[in-house]
Amino acid sequence: MSAKYVLIVDDDPDLVETVSMILENKGYEVGKAYDGIEGEAAIKQRRPDALVLDVMMPRKNGYQLCKELKADQATRGIPVVLLTAVGEAVPTTTYSHAEGMAVEAEDFIPKPVDAATLVQAVERLL
Amino acid sequence: MEEQATILVVDDEKVIRDGCTLLLQPEGYRVVTAANGREALDLMGEQPVNVVLCDLKMPVMGALEVLKEAGALYPEVPIIIITGHGTVADAVECMKQGAYDFVTKPFRVDHLTLAVKRALEKQLLERRTRRLQEEQAKNLYTLAMEQSRLLTIVNCMADGVLVTNRNREVVLCNPTFTQLMGLSGPLPRPGPLEAYLDEEPFRKTIEDLCATAETGLAKCLSQEICRGRVHLRAMSAPVFGPDEKVLGTVTVFHDITVFKELDAMKNDFVHMVSHELRSPMTAIKLQHEVILDGLAGEVTQKQRELLSRAQAKIQGLLELINESLDIAKIEAGHRQLELLPLNLGEVLQEVAHLLEAKAADQKVVLHLAVPPDLPPVRADRRSMEEVFVNLVSNAINYSPGGGEVTIAGLSHGDYVEVRISDTGIGIEPEEIPKIFDKFYRVKNPKARQIIGTGLGLAIVKGIVEAHRGAVEVESRLGEGSTFRVLLPR
């Protein structure tokens, strides 16, 4: 059985690099993209088994991309975990857990995240 | 009671003077007499006289001259001419000169008294009329002054003012209003509301006020109006006439743009801090984990130790960010408190369970002494967890190995007390007033290696006070501290 392919989309290259090291260490094959538009292109090129998606990104944010994926019959099935630095601590933001649920993401983890939590979240999706 | 009227009788014949006096005194009048016009005028200069009875022909000064002089000096004093039969034509002349009436000699009693009575009535009537006229003039003056003053007040106001009539036409607005709306040039007055402020919800409000106010309900409607970047709070109320029907409306517009902008800026800032700081920290934290997990090559014992310490520092910084955001939220009153009946015993049990491992690590024994019948308090569960996690962790942190931390619950009728006591290092008396301040950290060499943000107790105090409770501390240096949280039931 070939390795599961996980795509990580985040505008912080350090984070993308580190997360991919963690996931690769767990035996996943990892794809990288650095904003919503690139993420979209990467998904078209190769359908991931799971998507780790940052919320706040330039060009197209994670909510937008997630909403589009869930609206499209072809990509609906890809499980998504949303990552965001803006958690419940912020009262009046447009980025919230509720919003994350509204775009039908499978999971939602607030940053800062530790390696174990991230790996668990990805494992749950697959 | 009316003042006694004074009648001046002027005649050169003493018998007439005496006769008149005899006739008039029983009628309740005060009577004074003069023998000629000159004397009469002198007398009028000395004392107030209501009515003058004046003989037509007298040696020193006759009635015509008296009429002329008294008419000029005392226009309000009616003068009645006493005349003989043969001189009616002269009497008519006197009437032309301003005499009020005449009586012919020899006069009948009732003629004389009637004439005097009528003259007095006339005088009274004239006085009343004059008083009314004066009052009216004064009222008009006051009204004009009031109006002018009101207009000046309205025009000087820093808030916009808009007044409509009951047909929803604008009848008055002040310069601040035209400035807020960016209106220029002359506008019709009264003019259609749309020409001044074309905002559907506002038009509806004015319409409602004009319509519903007729039921006699006084109300004041508030709404926010956004004009480009200007945010206004509009307070509208109906104006009632004396018949309690609505005459129109008054709306005051307060510019709240600055508050809106500040609020937005604050939210953006909180948002920015939260994202811009947490994101890189997440990367740093994960990078450390990757290295510690050996994914980037072998790690020596010394490297591992340093990285672990760095990890702890990062965790501390993340807590600082979270707590700063938290306290900002509590202070701004943004924190939503769900006040529901809460079993504190349950919460304390969970907190104790959560911190058991930490206590064991630091070789501190944790006791829980909460009676099962501790009454519930109205509180927000998450906030209470935060309060007690903070206090109990502090107690553990500041207790040396072998110490004890006790969590006790007590009921005091109207409120419940939770007591967290430790056998730790204690707090210097002069530091006690400051420990609930933001970013204050105790300067005790023994506490140096304890990681903290200096915000924990400020958050505890903020939360407890938001629940209308209180938090107090008692401490003895080297023996331990007791924090008491009092919460109303």
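Two strands count as paired if DSSP finds at least two bridges between them. Keep that in mind as you click through this predicted model.

**Stop 1: a pair of strands in chain B.** Select residues 365-369 of chain B, strand β13, and then residues 404-412, strand β15. These two run parallel, and 5 bridges join them. Want a spot to zoom in on? Pick B:Val365: standing opposite, in β15(B), you'll find B:Glu404.

**Stop 2: the hairpin.** Keep β15(B) selected and add residues 415-422 of chain B, which make up strand β16. Here the strands run antiparallel, with 8 bridges between them. Try B:Thr406, which has B:Ser421 of β16(B) opposite. The two strands form a hairpin with 2 residues between them. In that turn, click B:Gly413, whose phi is positive, at about 75 degrees.

**Stop 3: two packed helices.** Now show α11 (residues 344-361) and α12 (residues 381-397), both in chain B. At what angle do they pack? It's about 40 degrees, and their axes are 9 Å apart. Angles of 65 to 115 degrees would be roughly perpendicular and those under 35 roughly parallel, so α11(B) and α12(B) are oblique to each other. The crossing is right-handed. Light up the side chains where they meet: B:Leu348 and B:Val351 are among those from α11(B), and B:Phe388 and B:Val389 among those from α12(B). By class, this contact has 12 nonpolar, 1 polar and 3 charged residues.

**Last stop: where the chains touch.** Zoom out to see both chains: 21 residues of chain A are in contact with 23 of chain B. On chain A's side, select helix α1, residues 13-25, which brings the largest share, 7 residues. That side of chain A has 13 nonpolar, 4 polar and 4 charged residues.

Definitions and conventions. Residues are numbered from 1 along each chain as its sequence is written. Chains are lettered from A and ligands numbered from 1 in the order in which they are written. This is a predicted model: local features need pLDDT of at least 70, side-chain atom pairs count only at pLDDT 80 or more; totals for chains, interfaces and linings use all residues. Helices (H or I, at least four residues) and strands (E, at least two) are DSSP runs, numbered from the N terminus. Two residues are in contact if their C-beta atoms, placed from the backbone, lie within 7 Å. Ala, Val, Leu, Ile, Met, Phe, Trp, Tyr, Cys and Pro count as nonpolar, Asp, Glu, Lys and Arg as charged, and the others, Gly among them, as polar. Axes are lines fitted to C-alpha atoms, for helices over the stretch in contact, and angles run from 0 to 180 degrees between N-to-C directions. Angles under 35 degrees count as roughly parallel, over 145 as roughly antiparallel, 65 to 115 as roughly perpendicular and the rest as oblique. A crossing is left-handed if the near helix is turned anticlockwise from the far one by less than a right angle, and right-handed if clockwise.
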